[in-house]
Amino acid sequence: MKDELYMQRCLELASLGEGYAAPNPMVGSVIVFNDRIIGEGYHKKCGEAHAEVNAVNSVKEKEMLRQSTLYVNLEPCSHWGRTPPCADMIIEYKIPKVVIGMVDPFGRVCGEGIRKLRDAGINVTVGILEEKCKALNRKFITYHSKKRPYITLKWAQTIDGYLDNNRDASTPATWMTGQACKILVHRMRSTHQAIMTGTNTIIRDNPSLTVREWFGQNAVRIVIDRNLRLTDDYNIFSGEAETIIFTLSENLNRTGKIFRNKQIIGLNRPDDICEIPEYLYTRGIQSLFVEGGAELFSSLISAGLWDEAKIFISQSSVKELNGTKNIQPYGIKAPDIPGRLISKEIIDGTMLVTSMNKSEL
(Lines give C-alpha, C1' and ligand atoms only; values in the text may rest on other atoms or scores of the structure.)
Protein backbone atom coordinates (compact mmCIF):
# COMPACT_ATOMS: atom_id res chain seq x y z
CA MET A 1 0.00 0.00 0.00
CA LYS A 2 2.90 2.37 0.65
CA ASP A 3 4.09 2.04 -2.92
CA GLU A 4 0.63 3.01 -4.17
CA LEU A 5 0.52 5.97 -1.80
CA TYR A 6 3.84 7.39 -2.98
CA MET A 7 3.01 6.69 -6.64
CA GLN A 8 -0.23 8.61 -6.24
CA ARG A 9 1.83 11.54 -5.02
CA CYS A 10 4.00 11.22 -8.14
CA LEU A 11 0.87 11.49 -10.28
CA GLU A 12 -0.31 14.57 -8.39
CA LEU A 13 3.06 16.23 -8.97
CA ALA A 14 3.19 15.16 -12.61
CA SER A 15 -0.20 16.74 -13.37
CA LEU A 16 1.24 20.15 -12.46
CA GLY A 17 3.10 20.06 -15.79
CA GLU A 18 -0.08 19.75 -17.85
CA GLY A 19 -0.01 22.18 -20.76
CA TYR A 20 3.71 22.92 -20.34
CA ALA A 21 5.60 19.61 -20.42
CA ALA A 22 4.47 18.60 -23.92
CA PRO A 23 5.76 17.16 -26.15
CA ASN A 24 7.46 15.49 -23.18
CA PRO A 25 5.31 13.38 -20.86
CA MET A 26 4.04 14.56 -17.49
CA VAL A 27 6.29 13.06 -14.83
CA GLY A 28 6.47 13.40 -11.06
CA SER A 29 9.00 11.90 -8.68
CA VAL A 30 9.17 11.32 -4.92
CA ILE A 31 12.15 10.22 -2.80
CA VAL A 32 11.41 8.34 0.42
CA PHE A 33 13.77 7.68 3.34
CA ASN A 34 12.55 5.60 6.31
CA ASP A 35 8.88 6.07 5.31
CA ARG A 36 9.33 9.84 5.03
CA ILE A 37 9.33 11.93 1.87
CA ILE A 38 12.61 13.84 1.70
CA GLY A 39 12.42 15.03 -1.90
CA GLU A 40 9.87 15.83 -4.60
CA GLY A 41 9.93 17.14 -8.13
CA TYR A 42 8.11 17.21 -11.44
CA HIS A 43 8.88 18.02 -15.06
CA LYS A 44 7.85 21.66 -15.29
CA LYS A 45 8.50 22.45 -18.93
CA CYS A 46 9.90 20.82 -22.05
CA GLY A 47 13.64 21.45 -22.24
CA GLU A 48 14.01 21.89 -18.49
CA ALA A 49 15.12 19.39 -15.83
CA HIS A 50 13.23 16.12 -15.55
CA ALA A 51 11.22 15.10 -12.50
CA GLU A 52 13.90 12.80 -11.05
CA VAL A 53 16.54 15.53 -11.26
CA ASN A 54 14.28 18.04 -9.52
CA ALA A 55 13.45 15.50 -6.82
CA VAL A 56 17.12 14.72 -6.17
CA ASN A 57 18.04 18.40 -6.16
CA SER A 58 15.40 19.04 -3.50
CA VAL A 59 17.09 16.62 -1.07
CA LYS A 60 19.29 18.64 1.26
CA GLU A 61 21.41 15.79 2.63
CA LYS A 62 22.48 13.87 -0.45
CA GLU A 63 24.06 11.02 1.54
CA MET A 64 20.51 9.95 2.49
CA LEU A 65 19.92 9.01 -1.15
CA ARG A 66 22.01 5.85 -0.67
CA GLN A 67 19.34 4.49 1.68
CA SER A 68 16.27 5.86 -0.10
CA THR A 69 13.67 4.75 -2.63
CA LEU A 70 12.91 6.85 -5.68
CA TYR A 71 9.36 6.74 -7.03
CA VAL A 72 8.49 7.93 -10.53
CA ASN A 73 5.36 7.42 -12.64
CA LEU A 74 7.28 6.87 -15.90
CA GLU A 75 10.45 4.91 -16.61
CA PRO A 76 13.57 7.11 -16.21
CA CYS A 77 15.09 8.10 -19.55
CA SER A 78 18.27 6.34 -20.65
CA HIS A 79 19.38 8.57 -23.54
CA TRP A 80 20.74 12.05 -24.10
CA GLY A 81 18.14 14.51 -25.35
CA ARG A 82 17.89 18.11 -24.26
CA THR A 83 18.97 16.89 -20.82
CA PRO A 84 21.24 14.06 -19.59
CA PRO A 85 19.84 10.55 -18.90
CA CYS A 86 17.99 10.32 -15.57
CA ALA A 87 18.95 6.65 -15.23
CA ASP A 88 22.63 7.65 -15.15
CA MET A 89 21.98 10.21 -12.43
CA ILE A 90 20.14 7.64 -10.28
CA ILE A 91 23.08 5.26 -10.65
CA GLU A 92 25.55 8.04 -9.86
CA TYR A 93 23.82 8.85 -6.57
CA LYS A 94 23.64 5.13 -5.71
CA ILE A 95 19.92 5.14 -4.99
CA PRO A 96 19.32 1.46 -4.13
CA LYS A 97 15.64 1.10 -5.07
CA VAL A 98 13.44 2.59 -7.80
CA VAL A 99 9.66 2.10 -8.12
CA ILE A 100 8.22 2.88 -11.56
CA GLY A 101 4.60 3.33 -12.61
CA MET A 102 4.91 2.29 -16.25
CA VAL A 103 7.38 1.57 -19.04
CA ASP A 104 8.08 4.51 -21.36
CA PRO A 105 6.58 3.81 -24.83
CA PHE A 106 9.10 6.12 -26.52
CA GLY A 107 11.31 3.95 -28.71
CA ARG A 108 14.63 5.34 -27.46
CA VAL A 109 13.74 4.41 -23.89
CA CYS A 110 11.11 1.60 -23.78
CA GLY A 111 12.73 -0.66 -21.22
CA GLU A 112 16.30 0.58 -21.65
CA GLY A 113 16.12 2.78 -18.56
CA ILE A 114 14.91 -0.16 -16.49
CA ARG A 115 17.60 -2.43 -17.93
CA LYS A 116 20.33 0.12 -17.19
CA LEU A 117 19.19 0.48 -13.57
CA ARG A 118 19.01 -3.26 -13.00
CA ASP A 119 22.39 -3.83 -14.63
CA ALA A 120 23.79 -1.39 -12.05
CA GLY A 121 22.40 -3.53 -9.25
CA ILE A 122 19.42 -1.33 -8.41
CA ASN A 123 16.23 -3.01 -7.16
CA VAL A 124 13.54 -1.97 -9.67
CA THR A 125 9.78 -2.49 -9.33
CA VAL A 126 7.53 -1.72 -12.30
CA GLY A 127 3.75 -1.43 -12.69
CA ILE A 128 2.54 0.40 -9.57
CA LEU A 129 -0.77 2.19 -10.36
CA GLU A 130 0.01 1.43 -13.99
CA GLU A 131 -3.48 2.18 -15.34
CA LYS A 132 -3.56 5.57 -13.64
CA CYS A 133 -0.09 6.31 -15.00
CA LYS A 134 -1.24 5.43 -18.52
CA ALA A 135 -4.37 7.55 -18.18
CA LEU A 136 -2.36 10.60 -17.15
CA ASN A 137 -0.04 10.36 -20.18
CA ARG A 138 -2.57 9.00 -22.67
CA LYS A 139 -1.71 11.74 -25.18
CA PHE A 140 1.99 10.90 -25.06
CA ILE A 141 1.27 7.15 -25.31
CA THR A 142 -1.15 7.53 -28.24
CA TYR A 143 1.34 9.67 -30.16
CA HIS A 144 4.09 7.06 -29.87
CA SER A 145 1.94 3.93 -30.22
CA LYS A 146 -0.50 5.05 -32.95
CA LYS A 147 1.80 7.50 -34.74
CA ARG A 148 -0.76 10.30 -34.57
CA PRO A 149 -1.94 12.92 -32.08
CA TYR A 150 -4.39 12.10 -29.31
CA ILE A 151 -7.67 13.54 -30.63
CA THR A 152 -10.30 15.12 -28.37
CA LEU A 153 -13.66 16.13 -29.83
CA LYS A 154 -15.61 18.92 -28.11
CA TRP A 155 -19.06 20.20 -28.89
CA ALA A 156 -22.10 21.73 -27.24
CA GLN A 157 -25.60 20.55 -28.13
CA THR A 158 -29.18 21.24 -27.18
CA ILE A 159 -31.08 18.84 -24.97
CA ASP A 160 -32.83 17.52 -28.09
CA GLY A 161 -29.51 16.84 -29.87
CA TYR A 162 -28.72 19.82 -32.11
CA LEU A 163 -25.34 21.50 -32.60
CA ASP A 164 -26.90 24.63 -34.04
CA ASN A 165 -30.20 25.95 -35.35
CA ASN A 166 -31.21 26.82 -38.91
CA ARG A 167 -30.37 30.49 -38.45
CA ASP A 168 -28.98 32.69 -41.20
CA ALA A 169 -25.20 33.03 -41.29
CA SER A 170 -25.63 36.69 -40.29
CA THR A 171 -27.42 35.74 -37.04
CA PRO A 172 -24.98 35.25 -34.13
CA ALA A 173 -24.95 31.84 -32.49
CA THR A 174 -26.71 31.44 -29.15
CA TRP A 175 -24.46 30.45 -26.25
CA MET A 176 -25.78 27.11 -25.02
CA THR A 177 -23.62 27.02 -21.89
CA GLY A 178 -22.56 29.42 -19.14
CA GLN A 179 -19.34 31.10 -18.08
CA ALA A 180 -18.08 28.13 -16.04
CA CYS A 181 -18.26 25.87 -19.10
CA LYS A 182 -16.53 28.52 -21.22
CA ILE A 183 -13.65 28.68 -18.74
CA LEU A 184 -13.41 24.89 -18.76
CA VAL A 185 -13.22 24.80 -22.57
CA HIS A 186 -10.40 27.35 -22.56
CA ARG A 187 -8.58 25.21 -20.01
CA MET A 188 -9.02 22.23 -22.36
CA ARG A 189 -7.54 24.29 -25.20
CA SER A 190 -4.51 25.10 -23.06
CA THR A 191 -3.76 21.39 -22.54
CA HIS A 192 -3.62 20.53 -26.26
CA GLN A 193 -0.88 21.39 -28.73
CA ALA A 194 -3.21 21.95 -31.68
CA ILE A 195 -6.86 22.90 -32.19
CA MET A 196 -8.81 22.20 -35.39
CA THR A 197 -11.97 23.50 -37.03
CA GLY A 198 -13.58 23.59 -40.46
CA THR A 199 -14.69 26.22 -42.96
CA ASN A 200 -18.37 26.26 -42.07
CA THR A 201 -17.67 26.85 -38.37
CA ILE A 202 -15.41 29.79 -39.19
CA ILE A 203 -17.96 31.35 -41.55
CA ARG A 204 -20.87 30.92 -39.09
CA ASP A 205 -19.11 31.75 -35.80
CA ASN A 206 -15.75 33.45 -36.63
CA PRO A 207 -13.94 31.89 -33.62
CA SER A 208 -10.46 32.88 -32.46
CA LEU A 209 -9.65 29.48 -30.88
CA THR A 210 -7.23 31.02 -28.42
CA VAL A 211 -6.84 30.69 -24.65
CA ARG A 212 -8.39 33.78 -23.01
CA GLU A 213 -10.37 32.54 -20.00
CA TRP A 214 -7.53 30.45 -18.56
CA PHE A 215 -3.78 30.60 -18.05
CA GLY A 216 -1.82 28.77 -20.70
CA GLN A 217 -0.35 28.74 -24.15
CA ASN A 218 -2.32 29.08 -27.38
CA ALA A 219 -2.44 25.94 -29.47
CA VAL A 220 -1.47 25.74 -33.14
CA ARG A 221 -4.69 26.42 -35.06
CA ILE A 222 -5.60 23.98 -37.83
CA VAL A 223 -8.08 25.09 -40.50
CA ILE A 224 -9.60 22.77 -43.10
CA ASP A 225 -10.53 24.90 -46.12
CA ARG A 226 -10.59 22.46 -49.01
CA ASN A 227 -11.78 25.00 -51.59
CA LEU A 228 -10.17 28.18 -50.18
CA ARG A 229 -13.47 29.85 -49.36
CA LEU A 230 -12.06 31.88 -46.48
CA THR A 231 -10.42 35.30 -46.48
CA ASP A 232 -7.69 36.48 -44.14
CA ASP A 233 -9.93 38.85 -42.15
CA TYR A 234 -11.38 36.03 -40.03
CA ASN A 235 -10.23 35.83 -36.40
CA ILE A 236 -8.62 32.45 -37.00
CA PHE A 237 -5.89 34.18 -39.05
CA SER A 238 -4.89 36.68 -36.36
CA GLY A 239 -1.28 36.77 -35.20
CA GLU A 240 -2.17 35.50 -31.72
CA ALA A 241 -1.23 31.93 -32.61
CA GLU A 242 0.26 29.90 -35.41
CA THR A 243 -2.32 28.85 -38.03
CA ILE A 244 -1.99 26.07 -40.61
CA ILE A 245 -4.43 25.83 -43.53
CA PHE A 246 -5.22 22.50 -45.20
CA THR A 247 -6.63 22.70 -48.70
CA LEU A 248 -6.75 20.54 -51.83
CA SER A 249 -3.36 20.31 -53.53
CA GLU A 250 -4.87 21.67 -56.72
CA ASN A 251 -5.53 24.97 -54.93
CA LEU A 252 -1.92 25.63 -53.97
CA ASN A 253 -1.27 27.56 -57.18
CA ARG A 254 -4.09 30.04 -56.50
CA THR A 255 -3.52 31.09 -52.91
CA GLY A 256 -2.48 34.52 -54.16
CA LYS A 257 -2.34 37.56 -51.93
CA ILE A 258 -5.09 36.37 -49.58
CA PHE A 259 -2.99 33.74 -47.86
CA ARG A 260 0.46 35.17 -48.50
CA ASN A 261 2.89 34.26 -45.69
CA LYS A 262 0.42 31.70 -44.32
CA GLN A 263 1.26 28.02 -43.84
CA ILE A 264 -0.71 26.09 -46.44
CA ILE A 265 -0.59 22.30 -46.75
CA GLY A 266 -2.02 20.50 -49.78
CA LEU A 267 -4.25 17.47 -49.28
CA ASN A 268 -3.49 14.75 -51.79
CA ARG A 269 -6.48 12.60 -50.81
CA PRO A 270 -9.48 14.98 -50.79
CA ASP A 271 -11.88 12.75 -48.89
CA ASP A 272 -9.35 11.23 -46.50
CA ILE A 273 -9.19 13.01 -43.16
CA CYS A 274 -6.26 10.77 -42.17
CA GLU A 275 -3.74 13.03 -43.92
CA ILE A 276 -4.09 15.73 -41.29
CA PRO A 277 -3.16 13.62 -38.22
CA GLU A 278 -0.37 12.08 -40.29
CA TYR A 279 1.08 15.54 -40.97
CA LEU A 280 0.68 16.64 -37.34
CA TYR A 281 2.60 13.55 -36.24
CA THR A 282 5.55 14.60 -38.40
CA ARG A 283 5.39 18.03 -36.74
CA GLY A 284 5.67 16.43 -33.28
CA ILE A 285 2.17 17.54 -32.29
CA GLN A 286 0.90 15.00 -29.76
CA SER A 287 -2.60 16.29 -29.01
CA LEU A 288 -5.40 17.74 -31.14
CA PHE A 289 -8.55 19.46 -29.84
CA VAL A 290 -11.40 19.60 -32.35
CA GLU A 291 -14.04 22.34 -32.20
CA GLY A 292 -15.80 21.98 -35.50
CA GLY A 293 -19.16 21.19 -37.03
CA ALA A 294 -21.16 18.07 -37.77
CA GLU A 295 -19.33 17.28 -41.02
CA LEU A 296 -15.87 17.38 -39.46
CA PHE A 297 -16.94 15.42 -36.37
CA SER A 298 -18.67 12.77 -38.50
CA SER A 299 -15.59 12.35 -40.71
CA LEU A 300 -13.31 11.81 -37.72
CA ILE A 301 -15.74 9.46 -35.98
CA SER A 302 -16.27 7.39 -39.15
CA ALA A 303 -12.50 7.08 -39.60
CA GLY A 304 -12.02 6.08 -35.97
CA LEU A 305 -9.81 9.16 -35.54
CA TRP A 306 -10.84 10.19 -32.06
CA ASP A 307 -9.87 9.17 -28.55
CA GLU A 308 -11.99 11.27 -26.24
CA ALA A 309 -15.19 13.30 -26.58
CA LYS A 310 -16.32 16.15 -24.35
CA ILE A 311 -20.02 16.85 -24.96
CA PHE A 312 -21.81 19.76 -23.27
CA ILE A 313 -25.58 19.20 -23.18
CA SER A 314 -27.58 22.32 -22.41
CA GLN A 315 -31.11 22.49 -21.02
CA SER A 316 -32.31 24.48 -24.06
CA SER A 317 -34.07 22.93 -27.03
CA VAL A 318 -33.18 23.95 -30.57
CA LYS A 319 -36.43 25.95 -30.89
CA GLU A 320 -35.32 28.14 -27.99
CA LEU A 321 -32.16 29.30 -29.75
CA ASN A 322 -32.18 32.82 -31.20
CA GLY A 323 -33.06 32.97 -34.88
CA THR A 324 -34.51 29.47 -35.18
CA LYS A 325 -36.92 29.30 -38.12
CA ASN A 326 -40.11 27.38 -37.57
CA ILE A 327 -39.37 24.97 -40.38
CA GLN A 328 -37.82 21.52 -40.38
CA PRO A 329 -35.07 20.61 -40.06
CA TYR A 330 -34.72 22.96 -37.13
CA GLY A 331 -30.94 22.82 -37.25
CA ILE A 332 -27.83 20.69 -37.46
CA LYS A 333 -28.04 17.42 -35.59
CA ALA A 334 -25.18 16.40 -33.31
CA PRO A 335 -23.27 13.28 -34.42
CA ASP A 336 -23.73 9.89 -32.80
CA ILE A 337 -20.69 8.93 -30.75
CA PRO A 338 -20.02 5.17 -30.54
CA GLY A 339 -17.85 5.47 -27.47
CA ARG A 340 -17.61 4.19 -23.93
CA LEU A 341 -19.18 6.47 -21.34
CA ILE A 342 -16.62 7.61 -18.78
CA SER A 343 -18.39 10.27 -16.75
CA LYS A 344 -21.29 12.67 -16.42
CA GLU A 345 -21.18 15.87 -14.39
CA ILE A 346 -23.34 18.97 -14.01
CA ILE A 347 -21.66 22.37 -14.49
CA ASP A 348 -23.92 25.39 -13.97
CA GLY A 349 -26.96 23.45 -15.17
CA THR A 350 -25.12 22.01 -18.19
CA MET A 351 -24.33 18.30 -18.34
CA LEU A 352 -20.81 17.44 -19.45
CA VAL A 353 -20.56 13.92 -20.84
CA THR A 354 -17.13 12.38 -21.40
CA SER A 355 -16.77 9.38 -23.69
CA MET A 356 -13.74 7.40 -24.80
CA ASN A 357 -13.18 5.49 -27.99
CA LYS A 358 -13.71 1.80 -27.28
CA SER A 359 -10.27 1.06 -28.69
CA GLU A 360 -8.61 3.58 -26.38
CA LEU A 361 -6.07 2.49 -23.78
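Which residue just after H10 takes a positive phi? Gly 304 does, at about 70°. The model examined here is predicted.

The chain has ten helices and 16 strands. Its C-alpha trace spans about 75 × 50 × 30 Å along the principal axes. Of the 361 residues, 50% count as buried. Contacts across long stretches of sequence are frequent in the count: among contacts between residues at least 6 apart in sequence, 71% join residues at least 24 apart.

Helix H10 covers residues 294-302. Its buried residues are Ala 294, Leu 296, Phe 297, Leu 300 and Ile 301. These residues cover an arc of only 165° around the axis, so they lie on the same side of H10. Glu 295 and Ser 302, on the other side of the helix, are exposed. The buried residues of H10 pack against six strands named here in order of sequence: S6 (150-157), S7 (162-165), S8, S9 (220-224), S12 (287-290) and S14 (331-333).

Strand S8 holds Thr 197. Thr 197 has a relative accessibility of 0% and therefore counts as buried. Beyond its neighbours within four places in sequence, Thr 197 is in contact with Ile 202, Leu 209, Ile 222, Val 223, Ile 224, Glu 291, Gly 292 and Leu 296. One of these partners, Leu 296, is among the buried residues of H10.

His 192 is found in the loop between helix H7 (179-190) and strand S8 (194-198). Its relative accessibility is 8%, so His 192 counts as buried. Two polar contacts of its side chain were examined. One joins the side chains of His 192 and Thr 152 at 3.0 Å. In the other, the side chain of His 192 reaches the backbone oxygen of Met 188 at 2.8 Å. Leaving aside neighbours within four places in sequence, His 192 is in contact with Lys 139, Thr 152, Ala 219, Ser 287, Leu 288 and Phe 289. Thr 152 thus appears in the contact list of His 192 and also in a polar contact with its side chain. Glu 18 is 174 residues from His 192 along the chain, yet their C-alpha atoms are separated by 9.2 Å.

A search of the whole structure finds four aromatic pairs. In one of them, Tyr 6 and Tyr 71, the ring centres are 5.1 Å apart and the planes stand at 50°, so the pair is tilted. This pair links distant parts of the chain. Tyr 6 belongs to helix H1 (residues 2-14) and Tyr 71 to strand S3 (residues 69-74), with their positions 65 residues apart in the numbering. Both Tyr 6 and Tyr 71 are buried.

Phe 246 and Tyr 279 form an edge-to-face pair. Their centres are 5.6 Å apart, with 80° between the planes. This pair also links distant parts of the chain: Phe 246 lies in strand S10 (residues 243-248), Tyr 279 in helix H9 (residues 275-282), and the two are 33 residues apart. Phe 246 is buried, with a relative accessible area of 1%. Tyr 279, at 21% relative accessibility, counts as partly exposed. The cut-off for buried is under 20%, so Tyr 279 at 21% does not meet it.

A charge also sits over an aromatic ring. The charged end of Lys 333 lies over the ring of Tyr 162, 4.7 Å from the ring centre. Tyr 162 falls within the span of strand S7 (162-165), and Lys 333 within that of strand S14 (331-333). Both strands are packed against by the buried residues of H10.

The cysteines were then examined for bonding. A disulfide is a covalent bond between the sulfur atoms of two cysteines. With a cut-off of 2.5 Å between the sulfur atoms, the count comes to zero disulfides. Cys 10 is in no disulfide, and its nearest cysteine sulfur, that of Cys 133, is 7.9 Å away. Cys 10 has 0% relative accessibility and so counts as buried. For Cys 46, the closest cysteine sulfur is in Cys 77, at 12 Å, which is too far for a bond. Cys 46 counts as buried too, at 16% relative accessibility.

Methods
Residues are numbered from 1 along each chain as its sequence is written. Side-chain values use heavy atoms; hydrogens and water are left out. Rings of Phe, Tyr and Trp (its six-membered ring) pair if their centres lie within 6.5 Å; planes under 30 degrees apart count as stacked, over 60 as edge-to-face and the rest as tilted. Helices (H or I, at least four residues) and strands (E, at least two) are DSSP runs, numbered from the N terminus. Buried means under 20% relative accessible area, exposed over 50%, partly exposed in between (1.4 Å probe, protein chains only). A charge sits over a ring if NZ of Lys or CZ of Arg is within 6 Å of the ring centre and within 35 degrees of the ring normal. Contact means heavy atoms within 4.5 Å. A polar contact is a pair of N or O atoms within 3.5 Å; within protein, one must be able to donate a hydrogen and the other to accept it, and residues adjacent in sequence count only if both atoms are side-chain atoms. The arc is that of the directions from the helix axis to the C-beta atoms.
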